[in-house]
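User: I would like a close look at one part of this protein, namely a buried lysine and what surrounds it. Please also set that part beside the pockets and say how far the model can be trusted there.

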Amino acid sequence: MSNADRIVCDSCPVADRAVCSVLSNDDRGELARIGHHRRYARGETIVAAGDANTVCATLTRGAAKMSTIDRDGTERIVALVHPAGMLGQLFAPDATLHVTALTDSEACLFPRAQFEALSDVRPALARRLLTEVSRELDDSRNLIDMISKRQARGRVAALILAFSRAASPAPCHDEAAFDLPLTRGEMAQLLGITIETVSRTLTALQRDGLIRRTGSHGIVILDRSALTALAG
């Protein structure tokens, strides 16, 4: 089966949260006609640094990371993308960041020229795009704050809570049980600590009754208040 299909807005899990949610049914139908829906396997490159920004994309399922890779091949994660988030750099002519699927993921992709043309004549879409950029800046600040926390327990707790929020299909509540899309190594890299510290911290949080781990990636939050206090 091809990993690219036509867009079906009626079954979209982020239809009420994505940037296109502000459009009329007719405008969404036009976007669906010119775009396509694509699936990505875990670890697959969605956007490569240096690529021309020819499409605008919205993540509909899964999770992705945006990162830089230096000359030595060292990767640094600079942003995480959750469902309803935009993939890539909205207003840059060329990509300067790599975007990679952290889990099996899905996205809606639209030709950039037509997408921008629609935003020029639909003020609601233009405002929504600016809101998305503002949210991305807030997320970047939150990521910096997470990394700057002095104690490893606080960093890991903050990351768990962030994925709890991202895993929920509704903005009014967070998910109690979900899978961490990052490996221990990716968590360590993101938080500026070692893999061993990540493992020890998760074990300590479980021992203290704040979380329960299920399988290799599953997390169940048992004491959200304590976890929030630790993250603060």
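Analyst: What follows starts from the lysine, moves to the helix and the pockets, and ends with a second buried side chain.

This is a predicted model, and the mean pLDDT of the protein is 88, with 97% of its residues reaching 70 or more. Among the elements, helix H6 has the highest mean pLDDT, 96, whereas strand S1, residues 4-5, has the lowest, 81. As a general caution, where pLDDT is low the predicted coordinates should not be read in detail.

The lysine is Lys-65, which belongs to strand S5. Lys-65 counts as buried because its relative accessibility is 8%, and the cut-off for that word is under 20%. Its side chain has two acidic partners to consider in turn: a polar contact of 3.1 Å joins Lys-65 to the side chain of Glu-75, and another, of 3.2 Å, joins Lys-65 to the side chain of Glu-186. If neighbours within four places in sequence are left aside, the residues in contact with Lys-65 are Glu-75, Ile-77, Ala-79, Leu-80, His-98, Val-99, Thr-100, Leu-102 and Glu-186.

Glu-186 leads on to helix H5, residues 184-191, in which Glu-186 is itself buried, as are Met-187, Ala-188, Leu-190 and Leu-191. The cover over the buried residues of H5 includes strand S5 (64-69) and strand S6 (75-81), together with helices H3 (123-148), H4 (152-167) and H6 (195-207). After H5 comes Gly-192, which has a positive phi, near 75°.

Several of these elements appear again around the pockets. The largest pocket holds about 1,100 Å³ of space; it is lined by 41 residues, and those closest to its centre are Leu-80, His-82, Arg-135, Asp-139 and Asn-142. Leu-80 is thus listed both here and among the contacts of Lys-65. The elements that give two or more residues to this lining are S6, H3 and H4, and H3 gives the most, with twelve residues. By class, the lining of the largest pocket comprises 23 nonpolar, eight polar and ten charged residues.

The second largest pocket has a volume of about 350 Å³, and of its 21 lining residues Arg-61, Gly-62, Pro-83, Ala-166 and Ala-167 lie nearest the centre. At least two lining residues come from each of strand S4 (55-61), H4 and strand S10 (177-179), and the largest share, three residues, is that of H4. The lining of the second largest pocket divides into eleven nonpolar, six polar and four charged residues.

For a second buried side chain, one may turn to His-37, in strand S2, residues 36-40. His-37 counts as buried because its relative accessibility is 15%. The side chain of His-37 makes a polar contact of 3.4 Å with the side chain of Thr-60 and one of 3.3 Å with the side chain of Glu-106. Not counting residues up to four places away in sequence, His-37 touches Asn-3, Ala-4, Asp-5, Arg-6, Ile-7, Thr-60, Glu-106, Ala-107 and Cys-108. Ala-4 and Asp-5, included in that list, fall within the residue range of strand S1, whose mean pLDDT is 81.

Key:
Residues numbered from 1 in each chain as written. Predicted model: local features only at pLDDT ≥ 70, side-chain atom pairs only at ≥ 80, totals over all residues. Heavy atoms only, no water. Buried < 20%, exposed > 50% of the residue type's maximum accessible area, 1.4 Å probe, protein only. Helix = DSSP H or I, 4+ residues; strand = E, 2+ residues; numbered from the N terminus. Contact = heavy atoms within 4.5 Å. 1 Å grid on protein atoms, 1.4 Å probe; cavity = no way out; pocket = protein on both sides within 12 Å on 5 of 7 lines; lining within 4 Å. Points joined across faces, edges and corners; volume = space filled by probe spheres on them. Nonpolar A, V, L, I, M, F, W, Y, C, P; charged D, E, K, R; others polar. Polar contact = N/O pair within 3.5 Å; in protein donor to acceptor, adjacent residues only side chain to side chain. pLDDT = per-residue confidence, 0-100.
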